[in-house]
Amino acid sequence: NVDDRIRSMIMTKLKEITKHFPESVIDKSNIAAILLFIGFDRKVIKNYSLISLATGSNCIHPKGMKEDGSVVHDSYSVTLALRALRIYLYDELEKISNSEESIFEPSHDNPDKYMLKKDHMFILWYNKHPEGSIKKVVYEQEVIPVSSSDDMNHVHSATCTTATNHQLLYSSVNSTEGQHYIASPSDKITMCHAAGINGALLHQFTETIYIKSIYASVKCGLKFHRFAKAMGKAIQERISDELNKRELPEGFESYVPVIRLIHAYETNSSRRSGSGGYSGWWVTGSDSWEVISQSSGLCVTELPEKMVNRCDFVYESEYHSKKMEESKKIEDSCRSSKLCKKAFFERYKSYCQKFEKRVPSTYLDCKNRAIDYHMTKMIVRRALLKSDLGAWPQKPLNTDLF
């Protein structure tokens, strides 16, 4: 069974790459992966490989926000897996300049861009349904019967914390200093199925790339056809009517992914697992697992073999003292992640210089070059708003001015 082999490959890789890390920082209940499928013959997959892998289920604390692009804002597993994929895409672009075999070939429509080879496609694998509107719709269809179609149209994103505000389309982290808004993984997936997974920087070198299929785990006993219908509605159908009223820029489409549901295999370790405030990721070509502190958005370079545990102490005061000491050491070891905006900007500049392209002075200027990409995102945001699903969160511009 291909589904079982894929799951085994992902879990084996996760175990292998994280074997030297404390189990408490590996969130096995929130795993996302991107796979590359190559070639189909009568719907039989000829070849597939694991491209990126990530765990985690939270986003940055407002205090961790910086204006130099050195932190990762969203540490949900789906977001990290997609960002790690972009590292792989840059690697594949550079193979072309070195006359090596690549997943890209020259675009038929734009001589300045490359396109994914015809028989190549990317698949998103997730060991549950992504947080946000997908979870909300699935929950309503499977647990609470929906009385009318109007009820299904008013689905909104869950927050990054336990509190949920169903009137707004964003995940939020609250603090005494204000709010920092980040779109939920569900809504980001919705955006990807119109604007693509390239991002603003890579879109300047490549044609739009879409996730062709989503593999999601479902607990045994749930009705697969109802679950698939709910996921399809949450990802694309809820805004399809509004999107169809608008013409997307050339090279973009309202892509509807194939949703494939697989039985969830819940183990004792996945039930007990908790990230302890940490996410992590890996991409093919790398032999290391990078741990990210969810609150600071920074990469942790030093972790103890065993994290301080309350069960190991008799007195509360002794536990808190050791925990503070551990936290201080971890905090001092933090540096910028390879998935932060600053790192991608450096990769972008390096690629531009290799082909003697002019490099914008700021990250914001660089992003603004992708006019069609931003136009597509704007159309999706308006479709969400027109469908009474809420407004897309707006991040402060100063986070892109470095």
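**Figure 1. Threonine 362 in the loop between α10 and α11 of the predicted model**. Threonine 362 is buried in this predicted model, with a relative accessible area of 18%. Because the limit for a buried residue is under 20%, the value of 18% places threonine 362 in that class. The residue belongs to the loop that links α10 to α11. When neighbours within four places in sequence are set aside, its contacts are Phe345, Leu401 and Phe402.

**Figure 2. The largest pocket and its lining**. The volume of the largest pocket is about 1100 Å³. Its lining comprises 40 residues, of which Lys367, Tyr373, Lys377, Arg381 and Lys395 are the closest to the centre. Two or more lining residues come from each of the elements α2 (77–97), β7 (178–182), α5 (185–195), α6 (199–202), α10 (341–354), α11 (363–368) and α12 (371–386). Sorted by class, the residues of the lining are 21 nonpolar, nine polar and 10 charged.

**Figure 3. Helix α5 and the glycine that follows**. Helix α5 is one of the elements that give two or more residues to the lining of the largest pocket. The helix is mostly covered, with 10 of its 11 residues buried. These buried residues are Pro185, Ser186, Asp187, Ile189, Thr190, Met191, Cys192, His193, Ala194 and Ala195. Just after the helix, glycine 196 adopts a positive phi of about 90°.

**Figure 4. Serine 254 beside residues of α5**. Serine 254 is located in the loop between α7 (224–244) and β9 (258–263). The residue is partly exposed, at a relative accessible area of 26%. Although serine 254 and alanine 194 are 60 residues apart along the chain, their C-alpha atoms are separated by 4.7 Å. Alanine 194 is among the buried residues of α5. With residues up to four places away in sequence not counted, serine 254 touches His193, Gln236, Leu243 and Leu248. Of these, His193 is also one of the buried residues of α5.

**Figure 5. Strand β11 and its two antiparallel partners**. Strand β11 (residues 290–293) is covered on both faces. Glu290 and Ile292 are buried on one side, and Val291 and Ser293 are buried on the other. Strand β10 (residues 278–283) runs antiparallel to β11 and is joined to it by four bridges. Within this pair, glycine 280 has valine 291 of β11 as its bridge partner. Strand β12 (residues 299–300) pairs with β11 over two bridges, likewise in the antiparallel sense. Here valine 291 stands opposite valine 300 of β12. Valine 291 thus appears in both pairings, with glycine 280 and with valine 300.

**Figure 6. The turns of the two hairpins that include β11**. In the hairpin formed by β10 and β11, six residues lie between the strands. The turn of this hairpin contains glycine 285, which has a positive phi of about 100°. In the hairpin formed by β11 and β12, five residues lie between the strands. Its turn contains glycine 297, with a positive phi of about 70°.

**Figure 7. Serine 99 in the loop between α2 and β3**. Most residues other than glycine have a negative phi. Serine 99 has a positive phi, near 60°. The residue is found in the loop between α2 and β3 (104–106). Serine 99 is exposed, and its relative accessible area is 71%.

**Figure 8. Aspartate 112 in the loop between β3 and β4**. Aspartate 112 is situated in the loop that joins β3 to β4 (114–116). With a relative accessibility of 56%, this aspartate counts as exposed. Apart from neighbours within four places in sequence, aspartate 112 is in contact with Gln204 and Phe205. The C-alpha atoms of aspartate 112 and threonine 206 are separated by 8.4 Å, while the two residues are 94 apart along the chain.

**Figure 9. Aspartate 332 in helix α9**. Helix α9 (residues 316–332) contains aspartate 332. This residue counts as exposed, at 54% relative accessibility. Aspartate 332 and glutamate 302 are 30 residues apart in sequence, and their C-alpha atoms are 8.8 Å apart in space.

Methods
Residues numbered from 1 in each chain as written. Predicted model: local features only at pLDDT ≥ 70, side-chain atom pairs only at ≥ 80, totals over all residues. Heavy atoms only, no water. 1 Å grid on protein atoms, 1.4 Å probe; cavity = no way out; pocket = protein on both sides within 12 Å on 5 of 7 lines; lining within 4 Å. Points joined across faces, edges and corners; volume = space filled by probe spheres on them. Nonpolar A, V, L, I, M, F, W, Y, C, P; charged D, E, K, R; others polar. Buried < 20%, exposed > 50% of the residue type's maximum accessible area, 1.4 Å probe, protein only. Pairing = 2+ DSSP bridges. Contact = heavy atoms within 4.5 Å.
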